[in-house]
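Let's take a walk through this fold, going from the core out to the sheets and the helices packed on them. Keep the viewer open as you read.

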Amino acid sequence: MNSPFRIVAWNIRAGGGQRAVEIAEALIALEPQAVVLSEFRSTAPSQFIAKALAQNGLTSQQDTCGEVPSGKNGLLVAARGPIKRLSLRRRPTEPGRWCIVRLEDPRLAIGGMHIPNQHTGRKPGFHDAVVDLAQRWRGGHAVLLGDTNSGQIGIDEETPVFNRRTHHWFESLGQAGWIDGFRHLNPETRSYTWYSHRDNGFRLDQAFVNRSLRPHLKSVEHIWLGATDRRRDALSDHAALVADFGPI
């Protein structure tokens, strides 16, 4: 592909609910070539969003709703070109929270992930599986992105919440050749993608770009879609992550 490539990753919160029409419109307005949605569900609002994306060119779709009970959180990966879901031996096995696909044009793998919260006790295993996959990856250009419920100590939190193990996860991915795209381009910038009920900000959404794709990375932004008054009336409790690449 000899044109720019945009991926939007967004936790749409509880399947979209009554916000589904506005969510779909906001996504379409960004003109992405691929979309990764967390908290996508088998419910009517989520299915409306998927149909609206397909009607606007994102016709190739894979979701994980079949891996979880009806109405529970899954993932959707949608793209403008044909995609094939990859079944890798080394991968996170958490039901519904992992989906990796390969596009043929451009030749690119996109891995969507929604990592469990710390209190579940399942986060460390998911972290380890992602690092294992990253270390062994030999599949060319790739990006892993989504709601990771993770961040680095100090710079990705307004109040202390991240621990050394979470911080080490970012370091381990970097050592394996996968950069945190936003932090790579904005080394000192504080930018948050989710706020607690006490209004403390945390950067919970990331895009990890592997070594071969890194030269093509142009920008990573956090956008509170639908917001007119900062983020308070945004369409989700998470900002959308918008990653732009040059021709791949």
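**From the core outwards**

This is a predicted model, so start where the side chains gather. The largest nonpolar core has 27 residues, and those touching the most other members are Phe5, Ile7, Ile110, Val143, Leu145 and Phe245. Pick out Leu145: leaving aside residues up to four places away in sequence, Leu145 touches Ile7, Ala9, Val36, Ile110, Gly111, Gly112, Met113, Gln206, Ala207 and Leu241. A separate core, apart from that one, has 22 residues, including Ala26, Leu30, Ala50 and Ala78.

Now for the sheets. As a general reminder, strands of a sheet pair through backbone hydrogen bonds, either parallel or antiparallel. One open sheet has six strands, ordered β3-β4-β2-β1-β14-β13, with mixed pairing. At its edges sit β3 (60–63) and β13 (217–223), each of which pairs on one side only. On average, neighbouring strands here are turned by 10 degrees against each other, direction ignored.

Zoom in on the β3 end. Four bridges link β3 to strand β4 (residues 74–79) in the antiparallel sense, and Gln62 stands opposite Val77 of β4. Helix α2 (residues 44–55) lies across β2 (34–40), β3 and β4, and runs at about 175 degrees to β2.

The other sheet to look at is also open and mixed, with six strands in the order β5-β6-β7-β8-β12-β9. Its edge strands are β5 (83–85) and β9 (179–180), both pairing on one side only. Within this sheet, strand β7 (residues 108–114) and strand β8 (residues 142–147) run parallel, joined by six bridges. Here Leu145 turns up again, as the bridge partner of Gly112. Helix α3 packs on this sheet, touching β6 (98–103), β7 and β8, with its direction at about 170 degrees to that of β7. Helix α4 lies across β7, β9 and β12 (205–209), running at about 20 degrees to β12.

How do those two helices sit relative to each other? The axes of α3 (residues 123–136) and α4 (residues 164–175) come within 10 Å and cross at roughly 10 degrees. Angles under 35 degrees count as roughly parallel, and α3 and α4 are therefore roughly parallel to each other. On the α3 side, the contact is made by Lys123, Pro124, His127, Asp128, Val130, Val131 and Ala134, while α4 brings Arg165, Thr166, Trp169, Ser172 and Leu173. By type, the residues of this contact between α3 and α4 split into six nonpolar, three polar and three charged.

Key: Residues are numbered from 1 along each chain as its sequence is written. This is a predicted model: local features need pLDDT of at least 70, side-chain atom pairs count only at pLDDT 80 or more; totals for chains, interfaces and linings use all residues. Side-chain values use heavy atoms; hydrogens and water are left out. A nonpolar core is a set of buried Ala, Val, Leu, Ile, Met, Phe, Trp, Tyr and Cys residues joined through side-chain atoms within 4.5 Å. Buried means under 20% relative accessible area, exposed over 50%, partly exposed in between (1.4 Å probe, protein chains only). Contact means heavy atoms within 4.5 Å. Two strands pair if DSSP finds at least two bridges between them. Axes are lines fitted to C-alpha atoms, for helices over the stretch in contact, and angles run from 0 to 180 degrees between N-to-C directions. Angles under 35 degrees count as roughly parallel, over 145 as roughly antiparallel, 65 to 115 as roughly perpendicular and the rest as oblique. Ala, Val, Leu, Ile, Met, Phe, Trp, Tyr, Cys and Pro count as nonpolar, Asp, Glu, Lys and Arg as charged, and the others, Gly among them, as polar.
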